[in-house]
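Student: I've got a new protein model open and don't know where to start. Can we go through it together?

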Amino acid sequence: MCNDNPLYMMLDFFVENFGPFKDCAILSMFSTYPEDHPENVVENAMGKDGLLTSAVVFGPNASGKSVFFDGMKALIDMTSCDRADGIEFGCYNPFMLSADSEEAPVTLGVRFVEDGILYEYYVRFLRDRIIGEALYHNPNGRRRRVFERESPENPDSETAKEVFRGANAAVAGMTGPCTTYLYMASKSKDEVCRKVWQMIQRVCVIGQDGMPDIDEIKERAVRQIRKNPKLKEILLKALYSVDLGISDIIIEGDDRDGDCRLLLKHNHPKADGRSLYFTLGKESTGIRQMLHFSLCLAEALENGSVIMIDEFGSFIHPEISRWIIKQFVTHKNPNHAQIIVNGHALGIMDTEDLLGRDQIYFTNKNRETGSSELYALARFKGVRKDLNVLNAYIVGRFHGIPQVYNGSMIE
């Protein structure tokens with residue numbers, strides 16, 4: 001276990017009445033079994049057993065894994081800008097299979113710690129307006145309100161009135177019903193709000209809706225390498241470590257006039273002995289995704305931020321998936337970056353060499369109500385450290401597996 005106090009780490013994230021999660025679903029980065037893999041734990045005053053640097057969510061298709069990650073994207077989006085009154089939030093996605101929830105508020109919340117100070121933020125919203133928002137922190141070890149905001153669910157009632165507590169009156173007056181106070185205050189002189197806003201915006205979520213297109217990957221790589229030449233060396237180490245046969249990254253031309261090429265040099269020369277270079281368009285999906293991942297991973301590890309990857313392992317070998325997780329162990333990760341992934345890569349459900357019992361989560365859908373839940377392996381009693389968790393999962397001990405019937409598609 002690393003003993004340094006982290007500058008910035010996520011404690012937990014939750015969604016409520018979002019997608020298939022009618023009830024509150026929370027993913028906690030608090031360690032409960034630090035002895036399992038101490039290299040994955042950072043000691044912190046917020047939790048006596050420390051904070052995790054990685055966590056993995058498993059579960060059957062259509063059980064809510066991706067939607068839970070969409071919740072973080074929604075929180076980033078909700079706090080990202082000033083919105084005009086009367087718009088509808090594209091991320092408003094309540095549980096639709098119950099009459100008491102299909103028009104009810106969605107709630108998203110997160111907690112971070114920076115330099116030993118806890119920050120707790122949530123926002124609650126309907127289709128076209130925010131009805132609740134709050135930020136708390138504990139600079140002296142005691143929870144204190146930074147601001148609270150409450151609005152009636154029915155704005156047309158005679159008693160309808162939005163109430164702000166602890167907020168700057170001028171900023172509150174400029175905050176419309178579709179804009180978070182956190183965003184507006186972050187653009188003023190409120191240092192606490194700006195700090196939390198930056199923490200949220202620094203979370204990188206890589207969604208299943210995709211890997212960026214070739215031009216986006218190229219432009220990001222060129223921009224980041226030219227901004228930080230050290231990044232090229234980091235990327236080459238990553239590509240070398242996962243045995244992709246890439247020995248150099250070449251940037252030709254000037255990206256400012258749109259005439260710029262990014263070339264990957266391969267270890268094996270052409271038949272005539274000359275070096276072999278491919279543009280990204282000629283590379284495989286796996287190499288393009290690995291370059292994209294490497295850019296995101298390098299940024300997270302350099303900045304000590306949070307990265308969340310949906311459908312992890314879809315285009316890469318299981319050994320590469322393991323290698324990525326291992327980049328976040330504390331002795332390779334001095335800035336205490338965190339990675340949270342979901343998917344079906346069962347090869348990383350390895351409590352002997354890779355993950356602790358407190359780093360594994362499952363999603364499962366109730367077949368009667370259609371609602372999903374997110375739960376930790378650590379909630380199950382009697383799970384010994386030496387248990388083969390993967391085998392136990394496959395036989396259904398922890399639920400979260402599909403019920404596959406062996407009938408024929410064509411009789």
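Tutor: Sure, let's take the overall fold and then its cores. This is a predicted model, where local features need pLDDT of at least 70, side-chain atom pairs count only at pLDDT 80 or more, and totals for chains, interfaces and linings use all residues. Residues are numbered from 1 along each chain as its sequence is written, and side-chain values use heavy atoms, leaving out hydrogens and water.

Student: What is the radius of gyration of the protein chain?

Tutor: We take it over C-alpha atoms, and the globule rule is 2.2 Å times the number of residues to the power 0.38. With 411 residues, a compact globule would come out near 22 Å, so the chain agrees with that at 23 Å.

Student: What percentage of the residues count as buried?

Tutor: Buried means under 20% relative accessible area, using a 1.4 Å probe and protein chains only. Out of 411 residues, the buried share is 51%.

Student: Which residues touch the most other members of the largest nonpolar core?

Tutor: A nonpolar core is a set of buried Ala, Val, Leu, Ile, Met, Phe, Trp, Tyr and Cys residues joined through side-chain atoms within 4.5 Å. The largest one here has 58 residues, and the top members are Met72, Phe125 and Val203.

Student: And which helix gives the most to this core?

Tutor: Helices are DSSP runs (H or I, at least four residues), numbered from the N terminus. The one we want spans residues 65–78 and gives seven residues: α1.

Student: How many residues are in the second, separate core?

Tutor: Val242, Phe293, Leu301 and Val341 are among its members. Its total is 55 residues.

Definitions and conventions
Buried means under 20% relative accessible area, exposed over 50%, partly exposed in between (1.4 Å probe, protein chains only). Helices (H or I, at least four residues) and strands (E, at least two) are DSSP runs, numbered from the N terminus.
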